[in-house]
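Please look over the sequence and the model below before reading on. The report that follows takes up a few helices and then some pairs of charged side chains.

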Amino acid sequence: MIELLSFPPVFRGFVSLLAAGLCFPLSGIFILRLNLLNLRFMLMHGVMLAGAIALSASLDPLLCALGINLFLVLLITSMSRRSDIPTGGLTTFFMVISVGVAMALIYKNQIPVQDTMNLLWGSIFALSQRDLFLLLFFCLVILLFVLFKYRQISAVLIDPETARTAGVNETLIFYLIMIFTGITIAFAMRLVGALLLDALVLLPAMTAVSFSRSLKSMFITASLSGFLYSLGGFLLALKVDLPVSSGVILVAGVCFGITYIVRLIYEKHN
């Protein structure tokens, strides 16, 4: 294990996975509390579009994904707040448009199937030094956001109307939450791919929601769960020779299943 970590790609992957495991579940709490599951699907398709653009124009896939997702979340948030169009309808529309344009680019530019599949699988060992610094910087920013804006965030997550009447700048906090969610999905797809990013973002948050009685404990439990799932998944992947993304989702899935059963037993006897 120590010997493997001496290889720069493995070390960068290990550090990035632990940082993501600690911080990405914070966005998972945002997604669950604000019911942004449709938005999450749309952002995943946005990253596919970004990947198709990057492959077609020989651009940086991570920067494209960050740019496309930021554009989409700002556009959808602005449109939903300025019109009566339901957010679910907007996210579905942009999800279909994104995947349609992505498929058209892949077909017209004759992008190899293997490169296309890489958009879905991701790879923590393909991160560059710059990608790692960007990821760590983002993790630091979202941690500071939750730490220093916790009261305003909790007010928005519990009841946006009440938050506005209490003097909270609900619009700013909501926009920031949407931006952090979009960036989280972009990084998660780069790390573990579209098919497994929920293990890194949502399962720790779902574990926290099952056991926490306050929003503060929800954030803390989600971060700790994500960190442990990531560490366990990485070690399992190295031990039995699996893709790291598969290791993470196996550990996260088993742990979530155990916590769910424990909760059912607790509720039955109380």
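## Helix α5 and its two faces

In this predicted model, helix α5 covers residues 87-108, and its 22 residues reach 31 Å from the first C-alpha to the last, which is close to the 32 Å expected at 1.5 Å a residue. The buried residues of α5 are L90, T91, F94, M95, S98, A102 and I106. Seen down the helix axis, these buried residues fall within an arc of 130 degrees, so they line one face of α5. A general rule helps in reading such a list: an α-helix has 3.6 residues a turn, so residues three or four places apart point the same way.

The face of α5 that is turned away from the buried side carries the exposed residues V96, Y107 and K108. After the helix comes Q110, whose phi is positive, near 50 degrees.

## What surrounds S98

S98 lies in helix α5, and with a relative accessibility of 3% this residue counts as buried, because buried means under 20%. Which residues is S98 in contact with, leaving aside its neighbours within four places in sequence? They are H45, G46, L49 and L72.

## Helices α2 and α3

Helix α2 runs over residues 8-33, and its end C-alpha atoms are 38 Å apart, which agrees with the 38 Å that its 26 residues should span at 1.5 Å a residue. Even so, α2 bends by about 35 degrees at G21, and a proline, P25, follows within four residues. Of the 26 residues of α2, 19 are buried, so this helix is largely enclosed by the rest of the structure. N35 follows α2 and has a positive phi, near 55 degrees.

For α3, the 21 residues should span 30 Å at 1.5 Å a residue, and the end C-alpha atoms are indeed 30 Å apart. The helix is followed by S58, whose phi is positive, near 55 degrees.

## Salt bridges across the chain

How many salt bridges does a search of the whole structure find? The search finds 6, and one of them joins the side chains of D198 and R40, with a distance of 2.6 Å from N to O. This pair links distant parts of the chain, since D198 belongs to helix α11 (residues 197-211) and R40 to helix α3 (residues 37-57), and the two residues are 158 apart. Are the partners buried or exposed, or something in between? D198 is partly exposed, with a relative accessible area of 25%, whereas R40 counts as buried at 6% relative accessibility.

## Two further pairs and a network

The side chains of D131 and R130 also meet in a salt bridge, with 2.6 Å from N to O. Here D131 counts as buried at 2% relative accessibility, while R130 counts as partly exposed at 34%.

E170 and R164 form another salt bridge through their side chains, again described by a distance of 2.6 Å from N to O. E170 counts as buried, at 2% relative accessibility, and R164 is partly exposed, with a relative accessible area of 37%. This pair does not stand alone, for salt bridges that share partners join R81, E161, R164 and E170 into one network.

Definitions and conventions:
Residues are numbered from 1 along each chain as its sequence is written. This is a predicted model: local features need pLDDT of at least 70, side-chain atom pairs count only at pLDDT 80 or more; totals for chains, interfaces and linings use all residues. Side-chain values use heavy atoms; hydrogens and water are left out. A salt bridge is a side-chain nitrogen of Lys or Arg within 4 Å of a carboxyl oxygen of Asp or Glu. Buried means under 20% relative accessible area, exposed over 50%, partly exposed in between (1.4 Å probe, protein chains only). The expected span of a helix is 1.5 Å times one less than its number of residues. The arc is that of the directions from the helix axis to the C-beta atoms. Contact means heavy atoms within 4.5 Å. The bend at a residue is the angle between axes fitted to the seven residues ending there and the seven starting there.
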